[in-house]
Amino acid sequence: MNYLIAANWKMNGSKEFIESYLSAINIEDNPDVKMLICPPDCYLNDINSNAPTIISRGAQNLSTSSEGAYTGEVSSEMLIDHSVEYVIVGHSERREYHNETNDLVAIKFKRSIEANIKPILCVGESLEQRQRGETFDHIRDQIESVIKKDMINKSDRYVIAYEPIWAIGTGETATPDMANEVHVFINQTLYDNGLTQDNNVIIIYGGSVNSNNASDLFKMSHINGALIGGASLDAYEFTKIYNVAEEINNE
Ligand code: PGA
């Protein structure tokens, strides 16, 4: 796979929405460019039953536990029951509104790899951190405290999403150069921590990606796709972004 084009629906959608959304998506199977949809958990069954199998299924969160008295939680095993292949961990909204720390994200990351679901680890700095020149330190810390040495080389089993917090849902995107600079840094951090040369990792960008800015982002050396919130709620727009990745892949 060269590009992963992932929809993070967040807390949006309905049965009716899913029906019309899926009928508007028309893509061919392409092993180089993967489409992924992460709906709210309660719609995983609707996606799993109705989406073509060339679209990967994803979740937005998972429990740190496997079963038991954990009201409101959903385990990795339950996600597997819905053919979930990817799960978002450490999204800034969960870090901010649900107090998820790096330590907690690390448990989710590990549990997901063990369950054979690929975690998409979100990392990214706030505007204040960027202005204070702390972007790289912050991102290194987020990576090193979550991806432990014994997991670093399982890089075909995880994805990293660089999502600058100031660009999420704001209409403000990092410039392609700005984003790529951080992607290169993430790559280097993984190598510094023991990733071997033959283990490439997929690093996607998130933060107000749409069909107008996707092309310039996807052309960058270390940007392997996108995690898309707002623009992924429109099936035509989301497909357009997917098509942009296919075009660049074919160049
Ligand atoms: P956005 O969200 O595309 O609406 O900025 C991205 C995300 O939060 O994953």
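Here is a walk through this predicted model, from the overall fold down to two unusual backbone spots.

Let's start with the whole chain. The protein chain is built from 11 helices and 8 strands. Its C-alpha trace covers about 50 × 45 × 35 Å along the principal axes. How does the radius of gyration fit a compact globule? For 251 residues such a globule would come out near 18 Å, and the protein chain has 17 Å, so the two agree. On burial, 55% of the 251 residues count as buried. The contact pattern tells you about sequence range: take the contacts with a separation of 6 or more, and 73% of them link residues 24 or more positions apart.

Now for the inside. The largest nonpolar core holds 70 residues. If you want to find its best-connected members, look at Ile5, Ile37, Ile147, Tyr158, Ile186, Leu190 and Phe218, which have the most contacts inside it. Which element gives this core its largest share? That's helix 11, residues 235-250, with 7 residues. There is also a second, separate core of 13 residues, with Leu4, Cys122, Val159 and Leu227 among them.

Ile37 is a good place to zoom in. Skip its neighbours within four places in sequence, and Ile37 still touches Ala7, Trp9, Tyr21, Leu22 and Ile25, and also Ile47, Ile55, Ser56, Arg57, Gly58 and Phe238. One of those partners, Phe238, falls within the residue range of helix 11.

Next, the outside. The protein chain exposes about 11500 Å², and 45% of that comes from carbon and sulfur atoms. As for charge, there are 19 positive and 37 negative charges, and their mean positions sit 5 Å apart.

Finally, the backbone. Most residues other than glycine have a negative phi. Two asparagines are worth a click here. Asn99 has a positive phi of about 55° although it is not a glycine. You'll find Asn99 in the loop between helix 4 (92-97) and helix 5 (102-114). Is Asn99 buried or exposed? With a relative accessible area of 64%, Asn99 passes the 50% cut-off and so counts as exposed.

Follow the chain through helix 5 and you get to the other one. Asn116 lies in the loop between helix 5 and strand 5 (118-123). Its phi is near 70°, again a positive value in a residue other than glycine. Asn116 is exposed too, because its relative accessible area of 57% is over 50%.

Conventions
Residues numbered from 1 in each chain as written. Predicted model: local features only at pLDDT ≥ 70, side-chain atom pairs only at ≥ 80, totals over all residues. Heavy atoms only, no water. Core = buried A, V, L, I, M, F, W, Y, C linked by side-chain atoms within 4.5 Å. Buried < 20%, exposed > 50% of the residue type's maximum accessible area, 1.4 Å probe, protein only. Helix = DSSP H or I, 4+ residues; strand = E, 2+ residues; numbered from the N terminus. Contact = heavy atoms within 4.5 Å. Rg over C-alpha atoms; globule rule 2.2 N^0.38 Å. Areas by Shrake-Rupley, 256 points an atom, 1.4 Å probe, with all protein chains shown as cover. Lys, Arg positive; Asp, Glu negative; His and termini not counted. Charge placed at Lys NZ, Arg CZ, Asp CG, Glu CD.
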